[in-house]
Every structure is written in structure tokens, then in C-alpha cells.
Amino acid sequence: MLKITAKAAARLVHTRDERGFDASFGARFVRGTNGVGLTFAAGPRRRDRVLDEAPLPVYIAQDLAPILDHAVIDETTDDRGSRLVVRQQEEAPAPG
């Protein structure tokens, strides 16, 4: 299941508010031209996967869901500023 870090969730809320969307809008991840794209939507589209664990609704387009199933969305900051990144979840260490 996709995970979203607290920093990324705060960034999503900030971006949604900055773009003038109502607080009821959620983040919708879609397949973009260069990977994962982000839009904001009033609700999920048919067959979207819905995550309720973030401080805003998160919708994942059906064709992107298998790709993000074991991913983490995080925020990173570098000399170009702050941005969201997608990375694979770290596997839990083997019991031993």
C-alpha cells in the first residue's frame, strides 16, 4: 500500500491551498508524461484507489495503482527548492 510521509502530506496540503482549491479537494496521482503526475480533485474517479490516512484525501488512478503499491511519497529539498519524490518502500529486515 502506498505510504505518504508527514512532510509530503503537509506539502500536498500547502500546494492544494496555494493553487486555490477548497479544503475538501484531494490529491490525485495520475500517470504523467514524465512519470507520476499530480492533480487535485473534488472526489475520486471511478476505479481510483482511495487512501484515507493522510490529512487530505488521496486518490490514485487505476493504471498507476500497481506502480505505487509499494512506494513512498516523500518531500525532498535541494538547491532547486522543495519537491515531492516517489521511492520504493524499504523492506523490513528479516527476523533473526
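Two strands count as paired here if DSSP finds at least two bridges between them. On that basis, four strands of this predicted model form an open sheet, laid out in the order β3-β2-β5-β4 with mixed pairing. β3 and β4 (49–51) sit at the edges with a single partner strand each, so one side of each is left without a neighbour in the sheet. From one strand to the next, the twist averages 25°. Helix α1 packs on this sheet, where it touches β2 and β3, and its direction makes about 55° with that of β3.

Strand β2 is a good place to start looking around. It spans residues 26–32 and is mostly covered, with five of its seven residues buried. On one pairing, β2 meets β3 (residues 35–41) in the antiparallel sense, over seven bridges. G26 has A41 of β3 as its bridge partner, and the hairpin that takes β2 into β3 does so through two residues. The other pairing is with β5 (residues 58–60), this time parallel and over three bridges. Here R28 has Y59 as its bridge partner in β5, while F29 stands opposite I60.

F29 and I60 turn up again in the packing. Both are listed, along with L2, A27 and L68, as the residues with the most contacts inside the largest nonpolar core, which has 15 residues. Helix α1 (6–18), β2, β5, helix α2 (65–68) and β6 each supply at least two residues of this core. What does I60 touch, leaving aside its neighbours within four places in sequence? The list runs to L2, F29, D48, R49, L51, A65 and L68. Within that set, L2, F29 and L68 are also among the core residues with the most contacts, and R49 and L51 fall in the edge strand β4 (49–51).

The remaining pairings centre on β6, which covers residues 71–78 and runs parallel to the short N-terminal strand β1 (residues 3–4), joined to it by two bridges. In this pair, K3 stands opposite V72 of β6. β6 also pairs with β7 (residues 81–88), in the antiparallel sense and over eight bridges. T76 has R83 of β7 as its bridge partner, and a hairpin through two residues carries β6 into β7. As noted above, β6 also supplies at least two residues of the largest core.

Definitions and conventions: Residues are numbered from 1 along each chain as its sequence is written. This is a predicted model: local features need pLDDT of at least 70, side-chain atom pairs count only at pLDDT 80 or more; totals for chains, interfaces and linings use all residues. Side-chain values use heavy atoms; hydrogens and water are left out. Buried means under 20% relative accessible area, exposed over 50%, partly exposed in between (1.4 Å probe, protein chains only). A nonpolar core is a set of buried Ala, Val, Leu, Ile, Met, Phe, Trp, Tyr and Cys residues joined through side-chain atoms within 4.5 Å. Contact means heavy atoms within 4.5 Å. Axes are lines fitted to C-alpha atoms, for helices over the stretch in contact, and angles run from 0 to 180 degrees between N-to-C directions.
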